[in-house]
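User: I would like to go through the terms used for the helix packing and the open space in this structure, and see what each of them rests on.

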Amino acid sequence: MDAAEEARLIGLSRNGDMRAFGHLVDAHQAPVRAFLRRLVGVDADADDLAQEAFARTWEVLDRFDGSSSLRTFICGVAFQYWRRARRSQSRRQARDDAYAELADTATEAPTRTAARLALRRAMDDLPEDQRAALALCLGQDFTHAEAAEVLGLPLGTVKSHVTRGRARLQAALGVTEKAQ
């Protein structure tokens, strides 16, 4: 969807056109859900958060000023919902443990499954802001500036989170960078 079409749909949505908003949801659903899936680690929880974020975006669409992309705005809303969900850490940890034990490994090679679970555990060990910065910048190809806006952090902090988070993941996974 080009910028002009998105602007037209935003205008219609602000006037109560749910069909127009549905087109915006269709256009941004995949990247928002993918961001949240990387951030949360449990697809069902991420999908629930995405649904809540889109519902909230409908309510606060009048606050979108166009200074960023709508995708960035929606991811910011989604990130705030995720932060609230993190406050119930013990329930989330129980779900993560159950997910790791019950992960469907029938379709993946054992090595790939082990690597995926190791990455999930390593991501879980990162501080929240580092994890979010990595999920946006490395997992969703957001620019550092877009991630800074979503997370409400200074640009330099996001760059630092990405650099340090990547290094922590590599250390946790036993990956060494090759000399170039």
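User: What makes the crossing of α1 and α2 left-handed or right-handed?

Analyst: In this predicted model, α1 passes α2 in a left-handed crossing, a term that applies when the near helix is turned anticlockwise from the far one by less than a right angle.

User: Why is α1 called oblique to α2?

Analyst: Helix α1 (residues 3-14) and α2 pack at an angle of about 135°, and their axes lie 8 Å apart. Angles over 145 degrees count as roughly antiparallel and those from 65 to 115 as roughly perpendicular, and the value of about 135° falls in neither range, so α1 is oblique to α2. The contact is made by Glu 6, Leu 9, Ile 10, Leu 12 and Ser 13 on the α1 side, and by Ala 20, Phe 21, His 23, Leu 24 and His 28 on the α2 side. Sorted by class, the contact of α1 with α2 has six nonpolar, three polar and one charged residues.

User: Why are α2 and α4 described as oblique to each other?

Analyst: Helix α2 (residues 18-40) and helix α4 (residues 70-86) pack at about 40°, with 10 Å between their axes. Roughly parallel would need an angle under 35 degrees, and roughly perpendicular starts at 65, so with about 40° these two helices are oblique to each other. Their crossing is right-handed.

User: Which residues of α2 and α4 meet, and how do they divide by class?

Analyst: From α2, the residues include Leu 24, His 28, Pro 31 and Phe 35, and they meet residues of α4 that include Leu 70, Arg 71, Ile 74 and Trp 82. The residues of this contact of α2 with α4 divide into 13 nonpolar, one polar and one charged.

User: What makes α3 oblique to α4?

Analyst: Helix α3 (residues 43-60) packs against α4 at an angle of about 125°, with the axes 9 Å apart. Since 115 degrees ends the roughly perpendicular range and roughly antiparallel needs over 145, about 125° makes α3 oblique to α4. α3 passes α4 in a right-handed crossing. Among the residues that meet are Leu 49, Glu 52 and Phe 54 in α3, and Phe 73, Val 77 and Tyr 81 in α4; the contact of α3 with α4 divides into eleven nonpolar, one polar and two charged residues.

User: How do you know which residues and helices line the largest pocket?

Analyst: Lining residues are those with an atom within 4 Å of a point of the pocket. The largest pocket, with about 460 Å³ of space, is lined by 14 residues, of which Arg 37, Arg 38, Arg 116, Leu 119 and Arg 120 lie nearest its centre. At least two residues of this lining come from each of α2, α6 (110-125) and α7 (128-139).

User: What classes of residue make up the lining of the largest pocket?

Analyst: The lining has seven nonpolar, two polar and five charged residues.

Terms used: Residues are numbered from 1 along each chain as its sequence is written. This is a predicted model: local features need pLDDT of at least 70, side-chain atom pairs count only at pLDDT 80 or more; totals for chains, interfaces and linings use all residues. Side-chain values use heavy atoms; hydrogens and water are left out. Axes are lines fitted to C-alpha atoms, for helices over the stretch in contact, and angles run from 0 to 180 degrees between N-to-C directions. Helices (H or I, at least four residues) and strands (E, at least two) are DSSP runs, numbered from the N terminus. Contact means heavy atoms within 4.5 Å. Ala, Val, Leu, Ile, Met, Phe, Trp, Tyr, Cys and Pro count as nonpolar, Asp, Glu, Lys and Arg as charged, and the others, Gly among them, as polar. On a 1 Å grid over the protein atoms alone, a cavity is a set of points where a 1.4 Å probe fits but cannot get out, and a pocket is an open set with protein on both sides within 12 Å along at least five of seven lines; lining residues have an atom within 4 Å of a point. Grid points are joined across faces, edges and corners, and a volume is the space filled by probe spheres set on the points.
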